[in-house]
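User: Please take a close look at one part of this model, the lining of the largest cavity. Which element gives the most to that lining? Then set the answer against the rest of the chain.

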Amino acid sequence: MSISTSDARVAPDISGKSPSKWLALAVIAVSQLLIVLDATIVNIAMPTAQVALDISDANRQWIITAYTLAFGGLLLLGGRIADYTGRKRAFIIGLLGFAVASALGGLAQNAETLFAARALQGAFGALMAPAALSLLTVTFTEAKERARAFGVYGAIAGGGGAIGLLMGGVLTEYASWRWTLLVSAPIAIVAAVAAFRFVGESRAEGNTRYDLPGALTSTLGLVSLVYGFTKAASDGWDSATTIAYLVAAVVLLVGFVVIELRSSHPLLPMRVILDRNRGGSYLSALLVGAGMFGVFLFLTYYLQLTLGYSALKTGVAFLPFTLGIILGAGFSAQMLTRVGPRILMFAGMLLTAAGMVMLTRIGLDTGFWSHVFPAEMIISFGMGVVFGPMSNTALVGVADHDAGVASALINTTQQIGGSLGTALLNTIFTSAVAGYIADNLTDPSQAQALQGVAVVHGYTVAFWVSAAVIGVAALVALLLVKASREEVATTGATPVAV
């Protein structure tokens, strides 16, 4: 995920203090760790939480999508609020709100409370994340210090996912699934107190108008679209409720585009996405997010419910993803200025799609090392190859005043794609399971035995669809991205993985 800030003019420090840069970096790094942790730590706990709160298969995806929709949908607005109301203030509010939301989720007694808490986590995360990166940018102005600070920040972002997977497994197995959420509350509170003491205030100068109608219509439109997918799983695609939500989503999203075209201070300037290279990068990110997020959902359930893995063993089983991404990113960094972004994006996505196809070979008793591990390594290496070129292409030719929006859009499109993809793939999964049982159940006494086979069939169908979606993303990159290696090499802003 990527967030960057533009070269906005910054007001002087108004805190009256001279906070230590490195203590400020430590606080900012902790906030980044919280955001990355909550993107992965809950995944391992999902099967246990689903049973504990009696969440249906159709609705379980809201544990993920409530967070990603709120985070991705409000990220651009959160960045503008932080810039103009004070980044330190927004950062502290984001941390405290995140703590409250985490506690609410950990104490949830029903599905609705858990979903609401996850949405609140995403909303406060959307305020905290851009504020944190902006603070990092204005705190470290000397080139060498900034490089070191961003190196620490990037290392936290890269390693946080692995930490989240392991913590999710440990907490779920030895404490409770609730602690995968509760653990964030005290950390966020301590970070907020430290931020008050060690982080200096800054804000951008200029017009402070916010595009609230744009933020409202886009977020409601996306929520309506995801809810329409969810209702399709339980009521069918032709039900009046499903159709109503999908129609409402189309109306709201069209309204969002109209608002952005007419607004004097749009949340999403159309000039940013209508460029061929940037548009291809954003569309690719959307499709990649849609194809990838579902993999973690279904693979978690497959490992725990089908293969019988413990929560801790499941967390360990996901670690090859981290290794593959690191290896792929290193390879991509070496090759980007030699072959350009298009070839790397196309090849990386094809490799990822091939890994998805490998996952369709899983069965009721297939081995991890023979079936899951090779697919994980291929998928993650392919994604590691893709992320760098995709982020760089998103900034090719962008004006300085649009750099923040352009970079944040990669993060936003990945999160939104993940929300939509998880909801749609979960609907496809439940429909595939029901269809398989209906087509193959001849003896009611065999229903229990058939259920396990049907569930694995549902997983493989979802993996086939994921492979197809990422294959389409590869074609988008091949057809739309034309940026040369020279253009990528001279890109003015550098996105930071988060």
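Analyst: Helix α1 gives the most to the lining of the largest cavity, with four residues. The model is a predicted one, in which local features need pLDDT of at least 70 and side-chain atom pairs count only at pLDDT 80 or more, while totals for chains, interfaces and linings use all residues. Residues are numbered from 1 along each chain as its sequence is written, and side-chain values use heavy atoms, with hydrogens and water left out.

Two elements, α1 (21–52) and α6 (179–182), each supply at least two residues of this lining. Helices are DSSP runs of H or I with at least four residues, strands are runs of E with at least two, and both are numbered from the N terminus. The lining as a whole consists of Val 42, Ala 45, Met 46, Ala 49, Ile 63, Leu 114, Trp 177, Thr 180 and Leu 181. By type, eight of the lining residues are nonpolar, one is polar and none is charged. Here nonpolar means Ala, Val, Leu, Ile, Met, Phe, Trp, Tyr, Cys and Pro, charged means Asp, Glu, Lys and Arg, and polar covers the others, Gly among them.

The space enclosed in the largest cavity is about 40 Å³, and the structure holds one cavity of 30 Å³ or more. A cavity is a set of points on a 1 Å grid where a 1.4 Å probe fits but cannot get out, and lining residues have an atom within 4 Å of a point. Its volume is the space filled by probe spheres set on the points, which are joined across faces, edges and corners.

Turning to the whole chain, 18 helices and two strands make up its list of elements. The chain has 498 residues, and 55% of them count as buried; buried is under 20% relative accessible area, exposed is over 50%, and partly exposed lies in between, with a 1.4 Å probe and protein chains only. About 19,500 Å² of the protein chain is exposed, and 67% of this comes from carbon and sulfur atoms (Shrake-Rupley method, 1.4 Å probe). Among contacts (heavy atoms within 4.5 Å) between residues at least 6 apart in sequence, 85% join residues at least 24 apart.

Several residues illustrate such pairings. Leu 136 is placed in helix α4 (residues 111–139) and is buried at 0% relative accessibility. Its C-alpha atom is separated by 7.4 Å from that of Ile 28, although their positions lie 108 residues apart along the chain. Glu 201 belongs to the loop between α7 (184–198) and α8 (212–235). With a relative accessible area of 9%, Glu 201 counts as buried, and its C-alpha atom is 9.6 Å from that of Thr 139, which is 62 residues away along the chain.

Two buried glycines sit in helices. Gly 214 lies in α8 and has a relative accessible area of 0%, so it counts as buried. Beyond its neighbours within four places in sequence, Gly 214 contacts Phe 256, Ile 259, Glu 260 and Leu 267. From Gly 214 to Val 258 the C-alpha distance is 9.1 Å, with 44 residues of separation in sequence. Gly 348 lies in α14 (residues 341–359) and is buried at 1% relative accessibility. Leaving out residues up to four places away, Gly 348 touches Gly 382, Val 385 and Val 386. The C-alpha atoms of Gly 348 and Val 386 are 5.4 Å apart, across 38 residues of sequence.

Asp 54 is in the loop between α1 and α2 (62–85). Asp 54 is exposed, at 72% relative accessibility. Most residues other than glycine have a negative phi. Asp 54 is not a glycine, yet it has a positive phi of about 55°.

Confidence varies along the chain. The average pLDDT (the predictor's confidence in each residue, from 0 to 100) is 85, and 90% of the residues score at least 70. Over residues 1–19 the pLDDT stays under 50, and the model has 66 contacts beyond four places in sequence for that stretch. Residues 492–498 also have a pLDDT below 50, with 29 contacts in the model beyond near neighbours in sequence.

Methods
1 Å grid on protein atoms, 1.4 Å probe; cavity = no way out; pocket = protein on both sides within 12 Å on 5 of 7 lines; lining within 4 Å.
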